[in-house]
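Hi there,

Here is the structure I promised to pass on to you. Have a look at it first, and then read my notes below.

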Amino acid sequence: MEMARSSVPLIAVLCVSLLPLAAMAIGTPFHIEGSVYCDTCRFGFETVATKYITGARVRILCKDRVTLKQDVVGEAVTGHRGIYKVAVKGDRQDQQCFAELVHSPLRKCQVPDPGRSTATVILTRSNGAASTRHFANAMGFFRDEPLRGCATLRRYYLADGDSRAI
């Protein structure tokens, strides 16, 4: 009983001292960072021939798991080397959030790669991650026609030179 009474003030001090940290975390935005590229060989992944796009538009969407209502919570334009950065306010709890390609300024690279047109982003503090900086997977557009030399590049990327996959 004596020990229980002596620990009450300690617990109270700890709770009061953690309140400012919790309040700061609630008001601090998430910083999402990712990149956008042109898949010049139409491989479906980044290669040494990949060109990163300056001026591409990206948005961050969150979908409620119950109502399925989607909200745009952020938008950005890529800068140098195709990198975008978006600050998103508010904890999205258990919503499904993702970055999505909107537009490419490159005339010959307009079609989003269906497998790389979105990237999941985590916008909650309820998952144990301490950082507010989150990275999204790179997203890409397909070039209308592959560059010359892509067949040679494909052979380079194939395991054990298996040319049957070409």
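What follows is a walk through the sheet, the disulfides and the salt bridges.

First, a word on the source: this is a predicted model, in which local features need pLDDT of at least 70, side-chain atom pairs count only at pLDDT 80 or more, and totals for chains, interfaces and linings use all residues. Residues are numbered from 1 along each chain as its sequence is written, and side-chain values use heavy atoms, with hydrogens and water left out.

**The sheet**

Helices (H or I, at least four residues) and strands (E, at least two) are DSSP runs, numbered from the N terminus. Two strands pair if DSSP finds at least two bridges between them. With that in mind, look for an open sheet of 4 strands in the order β4-β3-β6-β8, paired antiparallel. The edges are taken by β4 and β8 (118–121), each of which has a single partner strand, so one side of each is left without a neighbour in the sheet. From one strand to the next the twist averages 25 degrees; angles here run from 0 to 180 degrees between N-to-C directions, with axes being lines fitted to C-alpha atoms, for helices over the stretch in contact.

Starting from the β4 side, strand β3 (residues 57–63) and strand β4 (residues 70–77) run antiparallel and are joined by 7 bridges. R57 is a good place to begin, as V77 in β4 stands opposite this residue. The hairpin of β3 and β4 has 6 residues between the strands, and L68 there takes a positive phi near 65 degrees. At the other side of the sheet, 4 bridges join β6 to β8, again antiparallel. There, C97 has V121 in β8 as its bridge partner.

**The disulfides**

Counting a disulfide as a pair of cysteine sulfur atoms within 2.5 Å, the model has 3 disulfides. If the bonded cysteines are numbered in sequence order, the pairing reads 1-5, 2-6, 3-4. For burial I use relative accessible area: under 20% is buried, over 50% is exposed, and partly exposed lies in between (1.4 Å probe, protein chains only).

- C38 is joined to C109, with an S to S distance of 2.1 Å. The pair links distant parts of the chain, 71 residues apart: C38 is in strand β1, and C109 is in the loop between β6 and β7 (111–112). This link is right-handed, with 115 degrees about the S-S bond, and both C38 and C109 are buried.
- C41 and C150 have their sulfur atoms 2.0 Å apart. C41 sits in the loop between β1 and β2 (51–52) and C150 in helix α2 (residues 150–157), so this disulfide ties together parts that are 109 residues apart in sequence. The S-S torsion of C41 and C150 is about -75 degrees, so the link is left-handed; C41 and C150 are buried.
- C62 and C97 also form a disulfide, with 2.1 Å between their sulfur atoms. Because C62 lies in strand β3 and C97 in strand β6, the pair ties together parts 35 residues apart in sequence. The torsion about the S-S bond of C62 and C97 is about 115 degrees, so it is right-handed, and C62 and C97 are both buried.

**The salt bridges**

A salt bridge here is a side-chain nitrogen of Lys or Arg within 4 Å of a carboxyl oxygen of Asp or Glu. The count comes to 4 salt bridges, including the ones below.

- E33 pairs with R133, their closest N and O atoms being 3.1 Å apart. E33 is in strand β1 (residues 30–39) and R133 in strand β9 (residues 133–135), so the pair ties together parts 100 residues apart in sequence. E33 counts as buried at 15% relative accessibility, whereas R133, at 47%, is partly exposed.
- E100 meets R59 at 2.6 Å, N to O. Here strand β6 (residues 96–103), which holds E100, is tied to strand β3, which holds R59, so the parts joined are 41 residues apart in sequence. E100 is buried at 18% relative accessibility, and R59 is partly exposed with 29%.
- K69 bridges to D71, with 2.8 Å between the closest N and O atoms. K69 is exposed at 51% relative accessible area, while D71 is partly exposed at 30%.

Happy browsing, and all the best!
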